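The following note is offered to a colleague reading this entry. It goes through side-chain pairs, sheets and backbone in numbered points.

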Amino acid sequence: MLKNYKVLFLSLFFILFAIMIASIFWVNAKVETSRLNEVSDNVLALFRHEMDIQKSNALFLSVSLSGDKALKEALLDEDEDLGYTILINKLNKLKQYTFIKDVRTQLLTKDLYIFARSWDNTFAGMPLEGFREDLQRIRKIRKPKVSIDPGRLLTIKATTPFRDGDDLIGYIEAIKTFDDITMILRKRDIELTVLMYDDFLDVATLMRENPSFGSFIVSNKNYNSTVFFDLEEIDSKLIERENFIITEKFLHIIDVMRDSAGEKIGFYVLSVTKNRLSEYEKMKDNISFFLNISKTDLYNVVESGERKKGAYRSVYDRAFLDLLEELSEDEKIIFEESAREILKTYDKEALINIILEKQYKKKIEGKIR
């Protein structure tokens, strides 16, 4: 009888001990998962903010060039060489005097033929209709847009209709690769790998030699090879299912990439070395400066709708006119024509409101750590 009690006691002891050990492991796993979720959220907040800035910059340039009279005349006169020269000169001046640096521009006819490109004018006259489904969408909405759509390369494209009065005569595009944002994130010890589904390689002809794994093709040429080798060891299907993946060396944070139609075309993978995770675990206060600027204000540059008693009609108008205040008198000459075109569209009451609003304009201040 005593022996049976001993067996029962020992059995209960080992069961309780096992439950206690399992509970400790479960709690530790929950704490670690919570920690990784917090790191992921903070890294994603930074990434999405930087992506918004990239889109905003591209759209700013596209809209500013859409009002250029010299480009309009070259397009109407079908003078491709002149269009190319003007495009190069305008872009170089904008790069010199503004925050817009790593960007290309191209002017398209209303029938979606290449008219002029800032980086290579040998393709003038080439049709893009078969390569760019997104251009069919802008034909319907007839207003500026910024999106990530597969073309011969996967890029950030800001497209603005080019008009002569009410007549549509073409489209102006500002194009940014992912190389710039990759370098910006790298300075923060975050490695970006842009993975596009290889289904789009029939269109993305210039990416067919890019590194690939599973059903993905790497879309940013300055990706980190060490990170890529680590990703190759992962089942590529996990990238489609998980929010993050932890390996021996990295935490890989995954964000869906969508085109202008909202269709999933791949994933962004943001990789942080495990010894750097603590830096991003409690950084919400450190990035609050960035998050004070709303996503809408960053890249909905040309959304209609008046702000503050009808002063500025768009964030673009505000940004462009504010830029003039920071330039020297000689530099302002370059942008004066575009500024005049903007102001001519405002009535007297709106111009008064702009002047009054500038008297009370406040700067967002914060400390970046």
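1. Glu279 is a suitable place to begin: its relative accessibility is 40%, and it counts as partly exposed. The coordinates belong to a predicted model, and every remark below should be read with that in mind. Glu279 forms a salt bridge with Arg276, in which the closest N and O atoms are 2.8 Å apart. Arg276 is partly exposed as well, with a relative accessible area of 32%.

2. The pair does not stand alone. Which residues are linked with Arg276 in a network of salt bridges? Asp189 and Glu279 are the residues linked with Arg276 in that network. Over the whole structure, the search finds 8 salt bridges.

3. A second salt bridge to inspect is that of Lys145 with Asp149, whose closest N and O atoms are 4.0 Å apart. Are these two residues buried or exposed? Lys145 is buried, with a relative accessible area of 11%, and Asp149 is buried at 2%. Because the limit for a buried residue is under 20% relative accessible area, Lys145 at 11% and Asp149 at 2% both qualify.

4. Lys176 and Asp180 form a further salt bridge, with 3.6 Å between the closest N and O atoms. The environments of the two partners should be described separately. Lys176 is buried, its relative accessible area being 2%, whereas Asp180 has 24% relative accessibility and counts as partly exposed. The value for Asp180 is 24%, so this residue falls outside the buried class, which requires under 20%.

5. On the overall composition, the protein chain contains 13 helices and 11 strands. Of its 369 residues, 45% are buried. Among contacts with a separation of 6 or more, 59% join residues 24 or more positions apart. The chain exposes about 20400 Å², of which carbon and sulfur atoms supply 52%.

6. One open sheet has 5 strands in the order S2-S1-S5-S4-S3, paired antiparallel. Its edge strands are S2 and S3, the latter spanning residues 145–150, and each pairs on one side only. On average, and with direction ignored, neighbouring strands of this sheet are turned by 30° against each other.

7. Within that sheet, S1 and S2 run antiparallel and are joined by 3 bridges. Leu108 has Ile114 in S2 as its bridge partner. Helix H2 lies across S1, S2, S4 (residues 154–164) and S5 (residues 167–176), and runs at about 80° to S4.

8. Another open sheet has 6 strands, ordered S7-S8-S6-S11-S10-S9, again with antiparallel pairing. Strands S7 (212–213) and S9 (244–246) stand at its edges; each has a single partner strand, so one side of each is left without a neighbour in the sheet. S7 is joined to S8 (residues 216–218) by 2 bridges, and the two strands run antiparallel. In this pairing, Phe213 stands opposite Phe216 of S8. Helix H6, residues 225–232, packs on the sheet and touches S6 (191–197), S7, S8, S10 (250–258) and S11 (264–273). The direction of H6 makes about 85° with that of S10.

9. Two backbone positions merit a check by the reader. Glu78 has a positive phi of about 55°, although it is not a glycine. Where is Glu78 placed? Glu78 sits in the loop between helix H2 (69–76) and helix H3 (80–97). With 68% relative accessibility, Glu78 counts as exposed.

10. Leu112 likewise is not a glycine and has a positive phi, here of about 70°. This residue lies in the loop between S1 (104–109) and S2 (114–117), the two strands that 3 bridges join in antiparallel fashion. Is Leu112 buried or exposed? At 0% relative accessibility, Leu112 counts as buried. Glu78, in contrast, is exposed at 68%.

Notes: Residues are numbered from 1 along each chain as its sequence is written. Side-chain values use heavy atoms; hydrogens and water are left out. Two strands pair if DSSP finds at least two bridges between them. Helices (H or I, at least four residues) and strands (E, at least two) are DSSP runs, numbered from the N terminus. Contact means heavy atoms within 4.5 Å. Axes are lines fitted to C-alpha atoms, for helices over the stretch in contact, and angles run from 0 to 180 degrees between N-to-C directions. A salt bridge is a side-chain nitrogen of Lys or Arg within 4 Å of a carboxyl oxygen of Asp or Glu. Buried means under 20% relative accessible area, exposed over 50%, partly exposed in between (1.4 Å probe, protein chains only). Accessible areas come from the Shrake-Rupley method with a 1.4 Å probe; for residues, only the protein chains shown count as cover.
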